[in-house]
Amino acid sequence: RAKLRHDDARPLILYVPTLSGGYGRLVHDLGGYPDVSYFELEQRVTSVFSEFRDVRLLYKEFTVLNSLWSPIPSWIQRQVPNGEICPPSLRLTDLMWAVDAIIVDHAITALGEVLLTSKPLIVYDPPDPHGLLERPEAKRLLRKRATVAECPDEFVACVRSFLAANDFTEVQSPDE
């Protein structure tokens, strides 16, 4: 945590986006995300941080060997003065304990990891168009532990409301 702070006392908010496609797949086709609109959503969410300079955004790309290139790190460097890109060497399983809150825009691996913390969580979990990725009761259970948004406008509003509240207190009794 001290290494991430760099003598900066502002709260650290970690944003973990979803995987940017792979060989033979469209960007986010398994998660119901249309191609370019997903990147536009990331731009909208990260832009909110520009309105709240009293926090720091840490953007941790979720990559695998065959991930597609994402334009969002360049966007953050140009448009979000209080945003920074986490080096690939920093692992999510270390970062999640060192930050004050976590934003995840997919309900897969990273979410399963950050649920182990008592950090405030904001999750974008759009409806599963095929009913293959999530059991019906999963979202109900997730809402017991995290703020969950199901559409882009709601997701952006949840992030804005959370930052405006300026309350980064850890969850005292996270529902497991």
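## Exercises on strands, a helix and two cores

In this predicted model, Val123 of strand 5 is the bridge partner of Val104.

**Exercise 1.** Which strands pair with strand 4, and in what sense?

Solution.
- Step 1. Start from Val104, which has Val123 as its partner in strand 5. Strand 4 and strand 5 (residues 121-124) are parallel and share 3 bridges.
- Step 2. Turn to strand 1 (residues 12-16), where Val16 lies opposite Val104. Strand 1 and strand 4 also run parallel, joined by 4 bridges.
- Step 3. Val104 thus has a counterpart in strand 1, Val16, and one in strand 5, Val123.

**Exercise 2.** Are the residues on the two faces of strand 4 buried or exposed?

Solution.
- Step 1. Assign the side chains of strand 4 (residues 101-104) to faces: Ala101 and Ile103 lie on one side, Ile102 and Val104 on the other.
- Step 2. Apply the cut-off for buried, under 20% relative accessible area. All four residues are buried, and both faces of the strand are covered.

**Exercise 3.** Why do the buried residues of helix 3 lie on the same side?

Solution.
- Step 1. List the buried residues of helix 3 (residues 72-79): Ile72, Pro73, Trp75 and Ile76.
- Step 2. Take their directions around the axis. Because they cover an arc of only 160°, they fall on the same side of helix 3.
- Step 3. Recall the helix geometry: an α-helix has 3.6 residues a turn, so residues three or four places apart point the same way.
- Step 4. Check the other side of helix 3, where Gln77 and Arg78 are exposed.

**Exercise 4.** Which elements give two or more residues to the largest nonpolar core?

Solution.
- Step 1. Identify the members of this 28-residue core that touch the most other members: Ile13, Phe49, Ile103, Phe155, Val159 and Leu163.
- Step 2. Collect the elements that contribute two or more residues: strand 1, helix 2 (35-48), strand 2 (56-59), helix 3, strand 4, strand 5 and helix 7 (152-165).
- Step 3. Rank the shares: helix 7 gives the largest, 6 residues.
- Step 4. Separate the other core, which lies apart from this one and has 21 residues, including Leu58, Met96, Ala98 and Ala146.
- Step 5. Follow one member of the largest core. Beyond its neighbours within four places in sequence, the contacts of Ile13 include Phe49, Ala101, Ile103 and Leu163.

**Exercise 5.** How many helices and strands does the protein have, and in what pattern?

Solution.
- Step 1. Count the elements: 7 helices and 6 strands.
- Step 2. Read them along the sequence, which gives α-β-α-β-α-β-α-β-α-β-α-β-α.

Terms used. Residues numbered from 1 in each chain as written. Predicted model: local features only at pLDDT ≥ 70, side-chain atom pairs only at ≥ 80, totals over all residues. Heavy atoms only, no water. Buried < 20%, exposed > 50% of the residue type's maximum accessible area, 1.4 Å probe, protein only. Pairing = 2+ DSSP bridges. Arc of directions from axis to C-beta. Core = buried A, V, L, I, M, F, W, Y, C linked by side-chain atoms within 4.5 Å. Contact = heavy atoms within 4.5 Å.
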